[in-house]
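Grab the model and work through these exercises with me. Each one sets a task and then walks through a solution.

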Amino acid sequence: MAQDKHVYFFGGDQTDGSAEMRSLLGGKGANLAEMTSLGIPVPPGFTISTEVGKLYHENNNQYPDGLDEQIDENLRKLEAAMDARFDDTENPLLVSVRSGAAVSMPGMMDTILNLGLNDDAVKGLTAKSGNERFAYDAYRRFVQMFGDVVLGVEHEAFEHLLEAKKAAKGVTLDTDLDANDLAELVSEFKALVKEQTGADFPDEPRRQLDMARDAVFESSNNERATIYRRLNNISEELGRTAVNVQAMVFGNMGETSGTGVAFTRDPSTGENSFYGEFLMNAQGEDVVAGIRTPLPIDELQGVMPAAYEQLTGIGDTLEAHYRDMQDVEFTIQDRHLYMLQTRSGKRTATALTRIPPDDLEQLLHPMIDPAVAVESIAKGLPASPGAAVGKVVFTADRAEELAADGEKVILVRTETSPEDIGGMHAAEGILTARGGMTSHAAVVARGMGKCCVAGCSDIIVNEASKEFQAGGLRLTEGDYITLNGSTGEVIEGAVQLIDPELSGDFGTLMEWADEFRKLGVRTNADTPSDSRTAREFGAEGIGLCRTEHMFFEGERIDAVREMILAKDEVGRKAALDKLLPYQREDFIGIFEAMDGYPVTIRTLDPPLHEFLPHTDEDVQELADKIGVPAETLYQQREALHEFNPMLGHRGCRLGIVYPEITEMQARAIFEAAVEVTKRGVKAIPEIMIPLVGHVQELALQREVVVDTAKKVFEETGTEVEYLVGTMIELPRAALTADEIAQEADFFSFGTNDLTQTTFGMSRDDAGKFLGDYVDGGILEHDPFQVLDQRGVGQLVQIGTNRGRETRPDLKVGICGEHGGEPSSVIFCHDS
């Protein structure tokens with residue numbers, strides 16, 4: 001029975017791979033094979049596939065059958081190609097062992113150079129090269145790298161011995177050490193290995209190779225690789241590494257040899273000029289280590305003109321072949337140029353599909369001045385990007401009070417509630433000790449464009465004494481702090497910020513994107529000012545206007561509470577009549593800002609208890625204000641208490657039990673639409689009913705909206721076009737979308753609640769354990785940050801498909817937090 005192929009050779013006409021095999025060979029291995037096929041000078045070698053790494057990790061560090069035999073076979077090919085022997089003492093073949101994942105993760109995994117050396121082979125290398133210093137320089141580098149990467153000896157311990165040797169010789173550069181110095185270092189390095197590991201340094205080349213292979217595969221799970229994948233949303237599969245074994249070429253053979261890194265054009269400006277750095281008499285690690293100062297790549301033209309001309313020519317070839325700017329690594333050995341790597345460069349992007357969305361987002365918010373060194377005192381979730389500086393305050397009232405006096409404040413809370421909305425609006429930024437990426441603080445802050453760090457468990461907030469602790473620090477009201485909402489960092493003191501600037505190039509880029517995109521982009525906005533700002537940034541309407549946010553300003557909250565406390569429908573309507581003009585004025589401002597663009601308005605969603613005061617002090621204050629006993633308020637609050645309010649009396653359920661609420665909101669919407677229409681403003685209201693799980697719920701609420709519209713149109717003699725739709729945020733709604741579409745003109749998937757109800761996880765409490773789920777590999781991402789495509793995403797697809805079976809022209813959108821997350825947007829685009 002034929003064994004599976006696990007090892008792929010690259011070199012001359014025996015090359016097995018290509019650039020299309022990136023997922024199997026990793027980016028480095030695939031590109032080495034591709035460059036070889038293009039006739040570019042690449043040292044030959046072979047790649048142990050990513051599939052081997054997967055099997056290794058899944059089978060208790062056991063390799064598939066036949067792997068050793070395939071490695072031996074490819075070693076023989078490599079020996080023939082290089083006319084040298086891997087375990088020979090007279091004509092030794094040395095190799096590098098490098099990682100290479102399908103997605104570039106520079107510096108995250110491990111590399112070993114000069115593998116195959118021992119006390120005998122170094123003598124053969126000396127004789128072969130005629131350069132004893134070079135041979136022992138290669139040897140000491142190998143022992144140091146192997147000792148660090150494979151054997152776990154701290155890099156600093158080797159560096160300490162190296163620095164001591166240079167100090168004893170009275171020199172500052174490694175290149176000032178002679179062959180005897182380097183030979184002594186090899187002995188000292190090996191003694192260090194024996195001291196720290198209890199074992200001798202391995203001398204047998206084949207064993208060295210096996211140990212290095214294991215170390216590279218293990219490095220795919222090291223802390224820095226894991227963090228890099230998480231920060232860059234790289235899946236474990238795409239982050240899985242291959243192992244590349246490649247014949248060594250040496251940039252440290254003297255002044256006719258060197259090494260460098262280059263880009264085929266300027267990565268900052270995109271200018272079509274070769275850009276990079278190099279060092280003579282060095283290996284690749286020297287360029288990035290900072291011990292020696294590299295030279296600009298254009299100076300290579302004077303040092304070695306033939307190599308420079310060949311290098312730039314290869315750069316042109318690679319850029320034309322890959323149709324993208326390339327980031328290359330090269331070595332010159334005794335005036336002969338070899339290419340060691342190519343990959344698409346990271347730069348200021350000039351092509352739409354190559355621009356990281358997060359890079360653009362940085363342009364839209366204030367940032368900490370990168371020239372300023374900062375040190376964080378705590379770290380939470382990067383809930384809303386940008387940066388903010390201000391004085392610490394602990395109550396919404398205090399935030400509003402100080403902001404009204406022109407002070408900049410940061411609202412610090414254990415967690416926020418809807419009652420904090422005024423203070424949140426007044427504050428420069430929000431910091432909470434609890435809550436996740438879709439907690440109240442996070443969602444509202446993002447809607448406002450406010451910087452927010454949420455779920456910061458590093459801090460202990462004592463609102464009563466107006467202080468919070470972070471580590472050994474105690475900060476009180478009035479102390480300055482700085483928030484970095486893009487990283488989740490909390491910094492003591494006021495740090496210099498820089499304002500966002502949208503350059504002409506940014507606008508041009510967005511115009512290019514408009515030519516190709518299929519999805520429309522709306523904003524979440526609840527106020528006229530937010531709506532105007534959104535239009536300035538190109539929003540094509542409002543996808544979610546949360547009407548409950550309009551209830552918390554000024555005297556409005558009192559009318560809401562009066563409605564809640566009313567004993568009958570007459571009392572509720574009287575209170576709602578007070579709210580009507582406020583809502584109407586808000587909608588007038590929003591329609592004016594969105595002239596000609598649709599505005600999707602969600603009817604009241606949160607449970608009523610959220611509008612009642614929480615503290616005894618606030619209860620008494622309200623009782624005095626509205627002239628009722630405090631006990632009455634306590635009784636009503638208790639009557640509204642629910643064990644699980646997120647699954648309780650909220651959304652359409654409120655409108656069904658109290659249809660007068662929906663009627664008031666619909667009247668405010670239609671009266672506002674009629675008024676602006678008479679002024680020549682085109683209003684396009686879309687009324688959205690939340691938390692529908694049964695078609696009959698929508699039918700009842702739709703009837704209230706339609707009846708109210710008819711009355712307003714008859715009273716005013718003016719009609720406007722409108723739609724009535726629903727949020728799909730319950731699994732049953734998605735599964736019965738064909739029925740619900742009979743009553744809905746549009747769907748908008750509320751993926752925050754749909755994720756919550758699908759997983760059975762509270763989005764405000766799951767932050768306590770979701771980090772462990774992600775770190776432990778149960779979940780690839782926090783599902784409240786990145787759409788769970790296999791579960792929640794399937795419900796989105798089912799709901800869309802079934803809805804359009806009933807109503808082919810059904811308009812579908814997404815209004816959860818996932819609508820701003822790049823991979824989730826791609827899912828929506830592809831669906």
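Two strands count as paired if DSSP finds at least two bridges between them; helices (H or I, at least four residues) and strands (E, at least two) are DSSP runs, numbered from the N terminus. This is a predicted model, where local features need pLDDT of at least 70 and side-chain atom pairs count only at pLDDT 80 or more, while totals for chains, interfaces and linings use all residues. Residues are numbered from 1 along each chain as its sequence is written, and side-chain values use heavy atoms, with hydrogens and water left out.

**Exercise 1. Work out the strand order of the seven-stranded open sheet, and find its edges.**

Step 1: Follow the pairings across, and you get β24-β25-β26-β27-β28-β29-β30, with parallel pairing.
Step 2: Look for strands that pair on one side only; these are β24 (523–524) and β30 (811–814), the edges.
Step 3: Zoom in on one pair. β25 (residues 542–546) runs parallel to β26 (residues 598–602) over three bridges, and Ile542 sits opposite Val599 of β26.

**Exercise 2. Decide how enclosed strand β14 is, and name its pairing partners.**

Step 1: Check burial (buried means under 20% relative accessible area, exposed over 50%, partly exposed in between, with a 1.4 Å probe and protein chains only). Seven of the seven residues of β14 (residues 387–393) are buried, so the strand is largely enclosed by the rest of the structure.
Step 2: Take the antiparallel partner. That's β21 (residues 480–484), joined to β14 by five bridges, with Ala388 bridged to Leu483.
Step 3: Take the parallel partner. β15 (residues 409–413) pairs with β14 over three bridges, and here Val392 faces Ile410.

**Exercise 3. Describe the two positions that UniProt lists under "binding site".**

Step 1: Read the record. The unreviewed UniProt entry gives Glu729 and Asp753; such positions are in the numbering used here, feature names are shortened, and annotations may be inferred rather than shown by experiment.
Step 2: Compare sequence and space. The two span 25 residues in sequence, yet their C-alpha atoms are no more than 5.3 Å apart, so they gather at one spot.
Step 3: Place Glu729. You'll find Glu729 in the loop between β28 (723–728) and α26 (731–735), and at 1% relative accessibility it counts as buried.
Step 4: List its contacts (heavy atoms within 4.5 Å). Skipping residues up to four places away in sequence, Glu729 touches Arg650, Pro690, Leu691, Gly750, Asp753, Leu754 and Thr757. Its side chain also reaches the backbone nitrogen of Leu691 at 2.5 Å.
Step 5: Turn to Asp753. This residue belongs to helix α28 (residues 751–759) and is buried, at 5% relative accessible area.
Step 6: Check for a polar contact (a pair of N or O atoms within 3.5 Å; within protein, one must be able to donate a hydrogen and the other to accept it, and residues adjacent in sequence count only if both atoms are side-chain atoms). The side chains of Asp753 and Arg650 make one at 2.9 Å.

**Exercise 4. Find out which residues touch the most other members of the largest nonpolar core.**

Step 1: Fix the term. A nonpolar core is a set of buried Ala, Val, Leu, Ile, Met, Phe, Trp, Tyr and Cys residues joined through side-chain atoms within 4.5 Å.
Step 2: Rank the 88 members, and Phe587, Phe591, Phe611 and Phe670 come out as touching the most others. Helix α24 (residues 659–678) gives the most to this core, with 10 residues.
Step 3: Don't miss the second, separate core: it has 56 residues, including Tyr56, Leu78, Leu113 and Ala247.
Step 4: Inspect Phe611. Among its contacts beyond four places in sequence are Phe551, Phe552, Ile557 and Leu604.

**Exercise 5. Is Gln583 buried or exposed, and what does its side chain reach?**

Step 1: Locate Gln583 in helix α20 (residues 569–593).
Step 2: Read its accessibility, which is 1%, so Gln583 counts as buried.
Step 3: Follow the side chain of Gln583 to the backbone oxygen of Thr547, at 3.5 Å.

**Exercise 6. Characterise helix α8 and its N-terminal end.**

Step 1: Span first. α8 (residues 205–219) has 15 residues and reaches 21 Å from first to last C-alpha, close to the 21 Å expected (1.5 Å times one less than the number of residues).
Step 2: Count burial: 11 of the 15 residues of α8 are buried, including Leu209, Met211 and Phe217.
Step 3: Find the cap. Glu204 places a side-chain oxygen 3.1 Å from the backbone nitrogen of Arg206, capping the N-terminal end of α8.
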